[in-house]
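Dear colleague,

Please find below the structure I am handing over to you, with its sequence. My notes on what was found in it follow directly after.

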Amino acid sequence: MDIGVSNRDSNGGSITKHLDNGKYVRYTAEQVEALERVYMECPKPSSLRRQQLIRECPRLANIEPKQIKVWFQNRRCREKQRKESSRLQTVNKKLSAMNKLLMEENDRLQKQVSQLVCENGYMRQTLQTVPQVTTDVSCESVVTAPQHSLRDANNPDGLLSVAEETLSEFLSKATGTAVDWVQMPGMKPGPDSVGIFAISHSCNGVAARACGLVSLEPTKIVEILKDRPAWLRDCRSLEVFSMLPSGNGGTIELVYTQMYAPTTLAPARDFWSLRYTTSLDNGSIVVCERSVSGSGAGPNAAASAQFVRGEMLPSGYLVRPCDDGGSIIHIVDHLNLEAWTVPEVLRPLYESSKVVAQKVTIAALRYVRQIAQETNGEVIYGLGRQPAVLRTFSQRLSRGFNDAINGFSDDGWSVMSCEGSEDVIVAVNSAKNLFSTSNPSNSHSLVGGVLCAKASMLLQNVPPAVLVRFLREHRSEWADFSVDAYSAASLKGSSYAYPEMRPTRFTGSQIIMPLGQTIEHEEMLEVIRLEGYPLSQEDAFMSRDIHLLQLCSGVDENAVGACSELVFAPIDEMFPDDAPLLPSGFRVIPLDSKSGDVQDSLTTSRTLDLASSLEVGPATNHDANDSSSSYSMRSVLTIAFQFPYENNQADSVATMARQYVRSVVSSVQRVAMAISPSGTSLAAGPKLSPGAPEAQTLANWICQSHRYHMGTDLLSSDSIGGDTLLKNLWHHQDAILCCSLKSLPVFIFANQAGLDMLETTLVALQDITLDNIFNDNGRKALYSEFAKIMQQGFAYLPGGICLSTMGRHVSYEQAIAWKVLAAEENTVHCLAFSFVNWSFV
């Protein structure tokens, strides 16, 4: 006998049958309703709860507890099946949309192959018929984006034709074969991926393309993407100067965009462009943009004097509605960033389509997907903060850090004067408004301003993601908690501040409290609590904890071309939504190497300062012998720390800031040596001035000159040369320093003991003069023996006192000075000093 079971939804008011031990159990609509109410409160009630349910609900009096248990089991099973069915339907929709995109991509590639076959056949025919004519086809092909002269924005009559031409060229890049697209490394399409990403293989400038599925309406997506400063962290401002109807329901806008420079070593960029928004016959919405010439009512010379004008080739967004809801987005970014205007070593950053893809194209698609998931309630954030509020915090941290790095004069920034070249740039802003909040009660006025100390350097063989992750997880390895306390106290308007801060002992531990993260975890917003305890009895019951709002991004080692950042700002423990922020932090940008660019290779795995040795101009030729076969990766590290100050403390805060950033640089160099895959102990090796011999050569000269003048070996006899000699010199117990023979002698080399004695870093060494380290007696002794040093070649200086860069007194038993001769033994390269048995007083 067949037995049937009916399970219909209770909303229909029908009877539900349940099978138990071969018997039908009929549930009335009232019984199902009572069970559903309990299920909504507790899907898996205990035995006591089920018995209590039977006692409290007379409708269930005729149902046994075991049958109630089975009902809940089946109800959970149906709920699980429903969720699984819904998940499979969602995955099926994604796969269908992805399949559609892949089919379109396949069609495009087939067209491109056919076009290349035709071109190849034509070239062969040409070469066979005209063999005597030499044809150069190495630079451009039919798939290369065509060159265009900039259009004139001062001609309104021609703007519509420019807009239509821009639309046509953009569509040919987004869905056609105008650019030879190749798949972005490390970004494979799939149901869980953000989309399909490609970069240009060969074209004028740098270009990237993305396409993906987003569960938002086309009009909403267009509205989001047109607000570029909201999602593009490198966009300082976007201003629409004029808007004209196009006559076909669209609009033509003249737009001025300012972009931040990613590092202190390069100028910022701006764009003067035409933006065309229109609808296609198939319901798609297009927003395309390209650079135009002329200023019209746009930016004047004063506004754009701090920027290098970049060129935007036809770019934009194509948003198509899907049949089952949502939209398919095609994004193209095609730029000419004028790489010739930056130092040669930084040009790969401006010539890399991977960097544009990560910073602009992929960022746009990720931001839209993030908004879509937040709108659908799929994202849960911590500490009860709304997604829009946390997004605003992230934007403010990033914008404040970019403002500090760039230091635009129209924001009130000016560089403080200094003597000689400075490895650390100190800028001051007396007009900066930290408290532009909607709630005046959260503000307090500072009689002074904000000071920023910043520096940039080149990292060799240091993965950016690994470095930033280490800096995030091991703050005690590089941070000075007293400086953090000063910044926190200043922002709170506290009565104690540098240099008379109340004594506090920090444990060195930190507690990380997550606030939120993006859907692919490429960016994390968190609150950091640094634990501190007061040392004085009167403050025994007062908390000295410091809280930081921190933004960490780019910690995925597999993300090709991604920038890694760690940006933080002191906050109050119960920080409001409009809390004032003064961001500081680190940014590490990878530099792609080009095959054949021997001038970009370095001889050893080192960390070098770039600020005083970079030149802007045409590329120079270098000897191929300067290249290193062990080269792996390079990146640019930029550090910027901001400090509030009062007018009477500007100089002392500037000194503190400069010394602190130098100490952070030194700490980062030690970290870089530790995490470098090469494992080279001299990864932060001797810093030499531009044009100086290599470290091993100079080490040989120092030791040979010591033996030549004094007849004794500076190092042990087993140091025969090469890496062993350099390593032993670097780790020698005496402080060994070399200074140049100029009117103002400065140090060009120091071993580890010398850096420790001077309490300086490789970055700052070149800015220390010989006179500054000796006291009056030491200078007199040096001047009296200087003629003897130049005639005899060496001299023994009596013991005395010298000063470190931090102002500490250092005693030494004896100092030896000798001339360092070049290989020819007739040219004096520099003076070397050896401080014997030195110690801090």
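Helix α9 is mostly covered, with 14 of its 20 residues buried. Please note that this is a predicted model, and that the values in this message are computed from it. The helix takes in residues 387-406, and at 1.5 Å a residue it should span 28 Å; the C-alpha atoms at its ends are 29 Å apart, which agrees. Just after α9, G407 adopts a positive phi of about 55°.

A second helix, α8, deserves a fuller description. Of its 23 residues, 19 are buried, so α8 is largely enclosed by the rest of the structure. Its expected span, at 1.5 Å a residue, is 33 Å, and its end C-alpha atoms lie 32 Å apart, in agreement. There is nevertheless a bend of about 40° in α8, located at A363. Two details concern its ends. At the start of α8, the backbone nitrogen of K354 has a side-chain oxygen of S352 within 3.3 Å. Just after α8, G377 takes a positive phi of about 75°.

Helix α1 covers residues 29-41. For these 13 residues the expected span at 1.5 Å a residue is 18 Å, and the end C-alpha atoms are 19 Å apart, which agrees. The buried residues in α1 include Q31, V32, A34, L35, E36, V38 and Y39. How does such a list relate to the geometry of a helix? An α-helix has 3.6 residues a turn, so residues three or four places apart point the same way.

I turn next to the cavities. How many cavities of 30 Å³ or more are there? The count comes to 4. The largest cavity has a volume of about 420 Å³. It is lined by 29 residues, and those closest to its centre are M259, F271, L335, L337 and V360. By class, this lining divides into 20 nonpolar, 3 polar and 6 charged residues. The elements that give two or more residues to it are α6 (228-231), β8 (251-259), β9 (268-279), β10 (285-293), β13 (315-321), β14 (327-336), α7 (347-350) and α8 (353-375). Which element gives the most to the lining of the largest cavity? That element is α8, with 4 residues. The helix described above as largely enclosed, with 19 of its 23 residues buried, is thus also a contributor to this lining.

The second largest cavity has a volume of about 110 Å³. Its lining consists of 13 residues, and D484, S487, F568, P570 and S584 lie nearest its centre. At least two residues of this lining come from each of α11 (481-491), β21 (564-571) and β24 (634-646). The classes here are 8 nonpolar, 3 polar and 2 charged residues.

Finally, one loop residue may be of interest to you. N282 is placed in the loop between β9 and β10, two strands that each give two or more residues to the lining of the largest cavity. Is N282 buried or exposed? Its relative accessibility is 54%, and N282 therefore counts as exposed, the cut-off being over 50%. The side chain of N282 is joined to that of S284 by a polar contact of 3.0 Å. N282 and P321 are 39 residues apart along the chain, and their C-alpha atoms are separated by 8.9 Å.

With kind regards

Key
Residues are numbered from 1 along each chain as its sequence is written. This is a predicted model: local features need pLDDT of at least 70, side-chain atom pairs count only at pLDDT 80 or more; totals for chains, interfaces and linings use all residues. Side-chain values use heavy atoms; hydrogens and water are left out. On a 1 Å grid over the protein atoms alone, a cavity is a set of points where a 1.4 Å probe fits but cannot get out, and a pocket is an open set with protein on both sides within 12 Å along at least five of seven lines; lining residues have an atom within 4 Å of a point. Grid points are joined across faces, edges and corners, and a volume is the space filled by probe spheres set on the points. Ala, Val, Leu, Ile, Met, Phe, Trp, Tyr, Cys and Pro count as nonpolar, Asp, Glu, Lys and Arg as charged, and the others, Gly among them, as polar. The expected span of a helix is 1.5 Å times one less than its number of residues. The bend at a residue is the angle between axes fitted to the seven residues ending there and the seven starting there. Buried means under 20% relative accessible area, exposed over 50%, partly exposed in between (1.4 Å probe, protein chains only). A polar contact is a pair of N or O atoms within 3.5 Å; within protein, one must be able to donate a hydrogen and the other to accept it, and residues adjacent in sequence count only if both atoms are side-chain atoms.
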